[in-house]
Amino acid sequence: VQLQASGGGAVQAGGSLRLSCAASGSSRINTMAWYRRFPGKQRELVAAITRGGVTDYEDSVKGRFTISRDNAKNTVYLQMTSLKPEDTAVYYCYCDWFRQEFWGQGTLVTVSS
């Protein structure tokens with residue numbers, strides 16, 4: 001399975017961005033998720049969504065970020081609104097395929113104040 005992420009960039013505080021990540025090479029992807037890494041820290045879960053649409057969010061993004069997926073396209077999205085400077089990080093998409101973990105390349109999100 002290969003993951004191709006897109007949609008990162010620079011935005012001012014209060015703005016919005018939409019990340020996309022398409023999985024190729026297989027179908028029946030189970031959980032898909034977005035993680036982020038702050039400088040000098042480990043990756044942390046931002047949001048996850050099961051194949052059936054059950055979602056989970058990190059507390060600081062609840063109400064601001066929305067994760068969704070299109071199973072037919074094996075694509076996961078992260079709609080980010082009301083962005084804050086503390087959301088600045090490298091964002092990574094993730095998927096679980098038959099208990100194997102796959103990661104996409106990171107995409108940088110920079111939020112300026």
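In this predicted model, W97 has a relative accessibility of 22% and therefore counts as partly exposed, since a residue is called buried under 20% and exposed over 50%. F98, by contrast, is exposed, with a relative accessible area of 62%. The structure holds 5 aromatic pairs, and one of them joins W97 and F98: the centres of these two rings lie 5.1 Å apart and their planes stand at 90°, so the pair is classed as edge-to-face, a term that applies to planes over 60 degrees apart. Elsewhere, ring pairs connect Y35, Y94 and W103 into a cluster.

Aromatic rings also take part in contacts with charged side chains. The charged end of R18 is placed over the ring of Y77, at 4.1 Å from the centre of that ring, and the charged end of R43 is likewise found over a ring, that of Y92, with a distance of 4.9 Å to the ring centre.

With regard to the cysteines, the structure contains 1 disulfide, which is formed by C21 and C93, whose sulfur atoms are 2.1 Å apart. This pair links distant parts of the chain, given that C21 belongs to strand β3 (residues 17–24) and C93 to strand β9 (residues 89–97), with the two positions 72 residues apart in the numbering. The torsion about the S-S bond of C21 and C93 is about 45°, and the disulfide is therefore right-handed. Both C21 and C93 are buried.

A further cysteine, C95, is not bonded in this way, because its sulfur lies 7.4 Å from the closest cysteine sulfur, that of C21, whereas a disulfide requires two sulfur atoms within 2.5 Å. C95 has a relative accessible area of 0%, and this residue is therefore counted as buried, as are C21 and C93.

A contrasting environment is found at K73, a residue located in the loop between β7 (65–70) and β8 (75–80). The relative accessibility of K73 is 55%, which means that this residue counts as exposed, the cut-off being over 50%. When K73 is compared with G63, the two residues are found to be 10 residues apart in sequence, while their C-alpha atoms are separated by 26 Å in space.

Notes. Residues numbered from 1 in each chain as written. Predicted model: local features only at pLDDT ≥ 70, side-chain atom pairs only at ≥ 80, totals over all residues. Heavy atoms only, no water. Helix = DSSP H or I, 4+ residues; strand = E, 2+ residues; numbered from the N terminus. Buried < 20%, exposed > 50% of the residue type's maximum accessible area, 1.4 Å probe, protein only. Phe/Tyr/Trp six-rings, centres within 6.5 Å; stacked < 30°, edge-to-face > 60°. Lys NZ or Arg CZ within 6 Å of the ring centre and 35° of its normal.
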